[in-house]
Amino acid sequence: MSPKRTLFEKIWQAHLVAEPAGRSPILYIDLHLVHEVTSPQAFDGLRATGRKVRQPARTVATVDHNIPTEPRGTPITDLIAAKQIGALQKNCKEFGVRLFDMDSPDQGIVHVIGPELGLTQPGMTIVCGDSHTSTHGAFGALAFGIGTSEVEHVLATQCLAQQTPKTMKIDVRGRLAEGVGAKDLALGIIGQIGTDGGTGHVVEYAGEAVRGLSMEGRMTLCNMSIESGARAGMVAPDETTFAYVKGKRFAPRDGEWEKAIESWRGLPTDDGASYDRVIEIDAAQLCPFVTWGTNPGMVAPITGRVPEVDRLKDADRRATELALQYMDLEPGNRIEDIGIDRVFIGSCTNSRLEDLRAAARVAKGHHVSSRVRAMVVPGSQRVKRAAEQEGLHQIFLDAGFEWRESGCSMCLGMNPDILQPGERCASTSNRNFEGRQGRGGRTHLVSPMMAAAAAITGHFTDIRDWKFR
Amino acid sequence: MKPFRTHRGLVAPLDRVNVDTDQIIPKQFLKRIERTGFGQFLFYDWRFDADGKKNADFVLDQPRYKGASILVAEKNFGCGSSREHAVWALADFGFRAVISSSFADIFANNGTKNGFLTIQLSENEVAELLRRAREVAGYELTVDLEQCEVSDGHGFRAEFPIDGFVRHCLLNGLDDIGLTLQHEQEIAAYEAHHPALQSA
């Protein structure tokens with residue numbers, strides 16, 4: 001009888017090109033996603049060594065990180081950003097790489113367009129010079145972020161030499177309550193295991209609560225894997241996955257589709273396979289979460305308070321004190337009393353159609369607080385069009401939200417969408433690091449529903465008590 | 001890549017946990033398309049105030065740590081964004097190695113591609129090094145990659161773990177794209193039976 005294997009082990013072993021003695025195994029990469037910020041030095045490296053892109057057909061590029069979210073066609077006033085975008089355009093042309101450019105109807109955040117174009121498929125190995133590549137693991141793919149040197153390596157060889165990671169299963173028992181979503185699950189997990197709890201591991205999310213998530217929800221969950229330090233996050237493919245992929249532009253077609261499904265059905269972890277570590281989470285204990293500090297593990301229930309510092313260990317205590325100082329909060333502050341100035345609904349974590357629907361449902365019939373500026377940034381042009389077809393944009397506009405063009409926007413503030421010093425933001429993005437959304441800006445991570453509710457009331461508000469109109 | 005064998009240098013203590021790559025090199029400096037020149041922006045928001053004036057209190061700008069080439073910091077160094085610019089900035093500033101009790105995976109990977117060492121010691125050892133670097137003027141350490149050992153010549157000596165192949169590449173300054181391309185036949189054989197993507 002063949003050995004019991006996990007989802008990760010099946011994909012890993014199917015992609016081993018060589019296992020040279022005394023060296024890291026060499027892994028084949030099925031799909032390489034490329035964006036403007038982490039690729040220019042890699043293409044320069046190819047030019048300097050006279051190398052080509054080995055598999056242009058497995059390499060797909062878009063612009064997302066530093067493009068403005070003003071209406072398309074507005075000139076880019078940041079000349080250094082414009083130069084970086086220009087470099088990607090030139091590199092894609094020179095090396096024969098497909099680019100979904102600024103004016104493309106398929107442009108969007110790289111981790112939004114991969115799935116919606118059907119490029120992301122179960123069983124694949126996927127890399128990108130971006131830590132949130134873990135998003136694609138939602139499809140039962142092995143997807144992880146790499147640095148620029150490794151981007152060059154994949155461009156040149158379509159392979160990566162990788163040390164074998166450890167495996168971890170996060171088993172989420174029970175069901176999520178009404179008003180508690182994938183973002184809360186992700187924040188709850190990071191709050192429990194810490195921002196380095198997953199380091200060195202590929203995490204597989206399992207259990208009833210995970211199976212019950214839509215593909216969008218699974219993407220949110222896997223997206224945040226890196227915030228616990230994990231190399232990648234994965235969810236075994238099932239009927240939900242297949243239904244999402246079917247008919248997408250780059251998905252297998254006709255006879256190929258049947259063959260693909262058959263092979264994908266063999267991917268889920270075998271009964272009795274073992275992991276290096278297993279963690280259990282009780283879904284019933286989860287609630288809407290809000291981060292209060294300067295990393296995604298510093299998280300509290302919406303009904304909770306900013307923690308007291310005196311009971312913490314030395315290093316944690318110092319980190320907490322620094323975080324509270326930066327965030328201008330006091331130990332014991334009630335989360336619901338924290339007032340906000342800005343709201344950002346977007347990012348590769350929460351900018352898909354389902355996220356926008358959830359936020360619009362909250363916003364409908366209400367109006368953004370007079371003290372708040374709120375923006376909605378769809379993850380892609382496709383998401384934007386689909387939302388407009390449903391009239392979501394009108395709900396947002398009527399409620400006083402800005403409705404913008406697609407891109408990474410204020411998740412990392414490489415474009416003009418940034419916080420001013422001291423501004424406090426309820427954000428559906430993934431990182432609340434110091435200065436992440438703008439120098440001196442204070443970020444609180446929340447779900448799309450919680451962000452929309454905070455925009456309307458002007459402070460964090462328990463979505464479970466919301467009066468939907 | 002520049003080989004790393006042994007290095008002796010001045011030690012700077014950075015008393016922080018979870019130093020993320022957004023702190024090491026803030027996003028406004030990621031728009032450059034070169035690999036060089038990032039050192040001036042290292043820890044920018046900690047080293048400079050909002051008007052661009054230097055914060056003389058920050059550890060790296062204290063005269064006693066000028067020229068430091070080994071950084072010691074608390075756990076989970078390099079977490080967050082995959083930006084290799086973080087390693088480029090540290091190296092360009094003059095650092096050859098960081099010592100911590102744990103590192104984020106992508107940061108550590110990026111280090112090895114640039115001949116930059118991430119040295120993992122125990123929390124107690126890191127705490128001791130932070131103490132010595134604060135208390136002893138001109139505190140220096142020797143990093144010996146051949147022996148996988150860090151020592152100060154004054155009673156501190158600790159071994160560190162490192163993957164054998166990574167160590168081999170660092171010691172010899174090997175270009176790992178070249179190493180992978182030695183397997184051209186195996187790659188081609190793999191591709192020959194591996195299904196192509198739908199092209200459109």
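Colleague: Which residues in H15(A) are buried?

Modeller: Keeping in mind that this is a predicted model, the buried residues of H15(A) are Pro448(A), Met449(A), Met450(A), Ala451(A), Ala452(A), Ala453(A), Ala454(A), Ala455(A) and Ile456(A).

Colleague: What makes helix H15 of chain A mostly covered?

Modeller: Helix H15 of chain A runs over residues 448–457, and 9 of its 10 residues are buried. Among what covers these buried residues are strand E13 (289–291), strand E16 (373–376) and strand E18 (424–427) of chain A, along with E15 and H12. Just after the helix comes Gly458(A), which has a positive phi near 85°.

Colleague: Why is H12(A) called roughly parallel to H15(A)?

Modeller: Two packed helices are described by the angle between their axes and the distance between the axes. For H12(A) and H15(A), the angle is about 30° and the axes are 8 Å apart. Angles under 35 degrees count as roughly parallel, and therefore H12(A) is placed in that class relative to H15(A). The crossing of these two helices is right-handed.

Colleague: Which residues of H12(A) and H15(A) meet?

Modeller: From H12(A) come Asp355(A), Ala358(A), Ala359(A), Val362(A) and Ala363(A), and they meet Pro448(A), Met449(A), Ala451(A), Ala452(A), Ala453(A) and Ile456(A) of H15(A). Sorted by kind, the residues of this contact are 10 nonpolar and 1 charged, with no polar ones.

Colleague: Why is H2(A) called oblique to H5(A)?

Modeller: The axes of H2(A) and H5(A) come within 8 Å and cross at roughly 50°. Angles under 35 degrees would count as roughly parallel, and 65 to 115 as roughly perpendicular, so an angle between those ranges is oblique. That is the class to which H2(A) and H5(A) belong, and here too the crossing is right-handed.

Colleague: Which residues in H2(A) and H5(A) meet?

Modeller: Gln41(A), Ala42(A), Gly45(A) and Leu46(A) of H2(A) meet Thr148(A), Val151(A), Glu152(A), Leu155(A) and Ala156(A) of H5(A). The residues of this contact divide into 5 nonpolar, 3 polar and 1 charged.

Colleague: How many residues does the contact take from chain A and from chain B?

Modeller: Chain A puts 61 residues into the contact, and chain B puts in 48 residues. On the side of chain A that touches chain B, H5(A) gives the most, with 7 residues. That side of chain A divides into 23 nonpolar, 24 polar and 14 charged residues.

Colleague: What makes helix H4 of chain B mostly covered?

Modeller: Helix H4 of chain B spans residues 105–112, and 8 of its 8 residues are buried. These buried residues pack against elements of both chains, namely strand E7 (142–145) and H5 of chain A, and helix H1 (21–24), helix H3 (85–93), strand E4 (117–120) and helix H6 (164–172) of chain B.

Colleague: Why is Ser347(A) called buried?

Modeller: A residue counts as buried if 20 or more other C-beta atoms lie within 10 Å of its own, and Ser347(A) has 28 within that distance, so the word applies. Ser347(A) sits in the loop between strand E15 (342–345) and helix H12 (353–363) of chain A. Most residues other than glycine have a negative phi, whereas Ser347(A), which is not a glycine, has a positive phi of about 85°.

Colleague: Why is Asn76(B) called buried?

Modeller: Asn76(B) has 26 other C-beta atoms within 10 Å, so the cut-off of 20 or more is met. Asn76(B) lies in the loop between strand E2 (70–73) and H3 of chain B, and although Asn76(B) is not a glycine, its phi is positive, at about 65°.

Colleague: Which residues does His85(B) touch?

Modeller: Leaving aside residues up to four places away in sequence, His85(B) touches Ile25(B), Leu30(B) and Phe38(B). His85(B) belongs to helix H3 of chain B, and with 28 other C-beta atoms within 10 Å, His85(B) is buried.

Colleague: Why does the radius of gyration of chain A agree with a compact globule?

Modeller: With 469 residues, a compact globule would have a radius of gyration near 23 Å, and chain A has 22 Å, so the two agree. The C-alpha atoms of chain A fill a box of roughly 55 × 55 × 45 Å along the principal axes, and 61% of the 469 residues of chain A count as buried.

Note on methods:
Residues are numbered from 1 along each chain as its sequence is written. Chains are lettered from A and ligands numbered from 1 in the order in which they are written. This is a predicted model: local features need pLDDT of at least 70, side-chain atom pairs count only at pLDDT 80 or more; totals for chains, interfaces and linings use all residues. Two residues are in contact if their C-beta atoms, placed from the backbone, lie within 7 Å. Helices (H or I, at least four residues) and strands (E, at least two) are DSSP runs, numbered from the N terminus. Ala, Val, Leu, Ile, Met, Phe, Trp, Tyr, Cys and Pro count as nonpolar, Asp, Glu, Lys and Arg as charged, and the others, Gly among them, as polar. Axes are lines fitted to C-alpha atoms, for helices over the stretch in contact, and angles run from 0 to 180 degrees between N-to-C directions. Angles under 35 degrees count as roughly parallel, over 145 as roughly antiparallel, 65 to 115 as roughly perpendicular and the rest as oblique. A crossing is left-handed if the near helix is turned anticlockwise from the far one by less than a right angle, and right-handed if clockwise. A residue is buried if 20 or more other C-beta atoms lie within 10 Å of its own, exposed if 12 or fewer, and partly exposed in between; C-beta atoms are placed from the backbone. The radius of gyration is taken over C-alpha atoms; the globule rule is 2.2 Å times the number of residues to the power 0.38.
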